[in-house]
Amino acid sequence: MENFIFQNPVKLIMGKGMIARLAKEIPSDKRIMITFGGGSVKKNGVYDQVKEALKNHFTVEFWGIEPNPAIETLRKAIALGKEEKVDYLLAVGGGSVIDGTKLISAGILYDGDAWDLVLAGRPVTHTVPLATVLTLPATGSEMNNGAVISRRETKEKYPFYANYPIFSILDPEVTFTLPPHQVACGLADTFVHVMEQYMTTPGQSRIMDRWAEGILQTLVEIAPKIHENQHDYQLMADFMLSATMALNGFIAMGVSQDWATHMIGHEITALHGLTHGHTLAIVLPATLQVLHEEKGDKLLQYGERVWGITSGTREERIDEAICHTEEFFRSLGLTTRLHEENIGQDTILEVERRFNERGAKYGENGNVTGAVARRILETAL
Ligand code: NZQ
Ligand code: ZN
């Protein structure tokens with residue numbers, strides 16, 4: 001195990017009816033800007049619950065943070081926040097609303113263009129406090145300090161690091177209205193977050209391995225049941241907590257991390273608009289295939305502990321583990337090949353070009369360069 005420092009300050013408030021807690025959690029003298037996506041919260045009652053809870057607070061609303069939040073939209077929110085002298089932000093939505101609001105919280109206190117903050121690549125510490133009401137289990141943004149911001153003009157999408165939310169409210173009932181495709185993408189995203197922190201070198205930490213495998217096993221168990229009944233509170237509660245636990249730092253203590261699949265996936269979203277979790281379902285099996293030599297020992301462990309694969313030669317067991325992974329994504333209703341989404345060689349070459357241009361060296365061994373990304377995407381064709 002490597003040395004590490006761990007601190008996660010987010011207060012988690014979980015359960016039915018917990019949105020009402022907003023009134024107590026946010027000091028009454030705050031000037032709050034509430035941020036929303038495209039309107040799902042008006043249809044499922046979340047908006048009414050939030051407004052009722054904050055009826056004695058000062059609030060201003062910003063609507064329209066889209067999936068894969070765009071700097072073009074966020075600039076408008078930053079301008080409104082400055083004009084209204086906002087000193088508290090409440091993001092109500094999925095990862096996109098929360099991520100976008102993290103940039104808003106930095107942008108309100110910054111004099112230049114907020115895109116500079118994204119490009120700078122340094123964590124921003126000067127931010128307006130922010131809290132969240134999560135409506136979509138997937139990204140873990142409700143309990144981490146990451147965000148991913150897009151620029152439509154240039155079809156770019158980059159990670160950005162700023163503040164942890166002060167608190168996040170997770171009411172599983174709000175997930176009942178999610179479109180099935182978003183549920184599938186959320187399950188895939190959660191699964192791949194775990195894999196990015198687990199599928200590296202074995203023997204680094206027994207406790208991290210078991211926690212990671214525990215989340216993977218939970219997802220494998222609940223996914224078909226959720227497919228049958230998305231209104232089962234207990235199932236959705238487990239899904240929601242799995243997604244949070246998959247990317248809040250708890251499974252990453254003292255171990256190496258990969259993230260190559262995510263970096264490749266972000267390019268596919270930036271170029272084609274494909275939903276984030278869906279890009280990962282396409283890229284991960286191919287990443288495992290191309291890197292199966294270096295990840296072989298961990299693939300054997302994963303195959304045995306998550307999929308119960310105990311017989312066959314080393315190569316057969318590795319292949320079977322990768323097949324199970326791809327089949328799992330397909331069982332969610334996602335395609336797992338680029339051609340199924342009409343994505344071809346021109347995109348592959350563009351991703352290679354972009355990686356080469358920025359001198360990319362992703363993965364736990366720093367060897368996922370443009371050329372390797374190209375091999376991965378050609379395997380995913
Ligand atoms: O905009 P509205 O109308 O609210 O609809 C949303 C949106 O269309 C809808 N939705 C959300 N909750 C709903 C609902 N519809 C019905 N009922 C509900 N309860 O779902 C659609 C997708 O929402 P979005 O927020 O885009 O999804 P997700 O949470 O998957 O976020 C994706 C973004 O997060 C980034 C991704 O790259 C992508 O930009 N990520 C952020 C990470 C982080 N901060 O740590 C890590 C991840 O790896 C990821 O990259
Ligand atoms: Zn992700």
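Me: A residue is near a molecule if its C-beta atom, placed from the backbone, lies within 6 Å of it. How many residues surround ligand 1?

Reply: Keep in mind that this is a predicted model. The closest residues to ligand 1 are Gly37, Pro67, Gly94, Gly95 and Ser96. Count everything around ligand 1, and you get 35 residues.

Me: OK, which element gives the most to the shell around ligand 1?

Reply: Start with the elements that each supply at least two residues: among them are α2 (40-43), β6 (146-151) and α7 (180-198). The top giver supplies four residues, and that's helix α5.

Me: Which class does the shell around ligand 1 have 22 residues of: nonpolar, polar or charged?

Reply: Let's go through the classes. Eleven of the shell residues are nonpolar and two are charged. Gly counts as polar here, and Gly37, Gly94 and Gly95 are among the closest residues. The class with 22 residues is polar.

Me: Which domains does the shell draw at least three residues from?

Reply: The protein is divided into two stretches, 11-174 and 179-379. Each of them gives at least three residues to the shell around ligand 1. So to speak, the ligand has neighbours in both domain 1 and domain 2.

Me: How far apart do the C-alpha centres of those domains lie?

Reply: The contact takes 17 residues from domain 1 and 22 residues from domain 2. On the domain 1 side, β6 and β7 (156-161) each supply at least two residues. That side has seven nonpolar, five polar and five charged residues. As for the C-alpha centres, they lie apart by 27 Å.

Me: Now the open sheet of six strands: which are its edge strands?

Reply: Read the order across the sheet: β1-β8-β5-β4-β2-β3, with parallel pairing. An edge strand pairs on one side only. That makes the edge strands β1 (11-14) and β3 (58-62).

Me: Which residue in β3 does isoleucine 34 stand opposite?

Reply: Strand β2 covers residues 31-35, and five bridges join it to β3, running parallel. Follow isoleucine 34 across to β3, and you land on glutamate 61.

Me: At about what angle does helix α5 run to β4?

Reply: Helix α5 (residues 95-107) lies across β2, β4 (88-93) and β5 (130-134). This is the helix that gives four residues to the ligand 1 shell. Its angle to β4 is about 165°.

Me: And over residues 188-348, what percentage of the chain is helix?

Reply: An unreviewed UniProt entry lists this stretch as "domain: Fe-containing alcohol dehydrogenase-like C-terminal". Its end C-alpha atoms are 22 Å apart. Strand makes up 0%, while helix makes up 68%.

Terms used. Residues are numbered from 1 along each chain as its sequence is written. Chains are lettered from A and ligands numbered from 1 in the order in which they are written. This is a predicted model: local features need pLDDT of at least 70, side-chain atom pairs count only at pLDDT 80 or more; totals for chains, interfaces and linings use all residues. Two strands pair if DSSP finds at least two bridges between them. Two residues are in contact if their C-beta atoms, placed from the backbone, lie within 7 Å. Axes are lines fitted to C-alpha atoms, for helices over the stretch in contact, and angles run from 0 to 180 degrees between N-to-C directions. Domain bounds come from an automatic or database domain assignment. UniProt positions are given in the numbering used here, feature names are shortened, and annotations may be inferred rather than shown by experiment.
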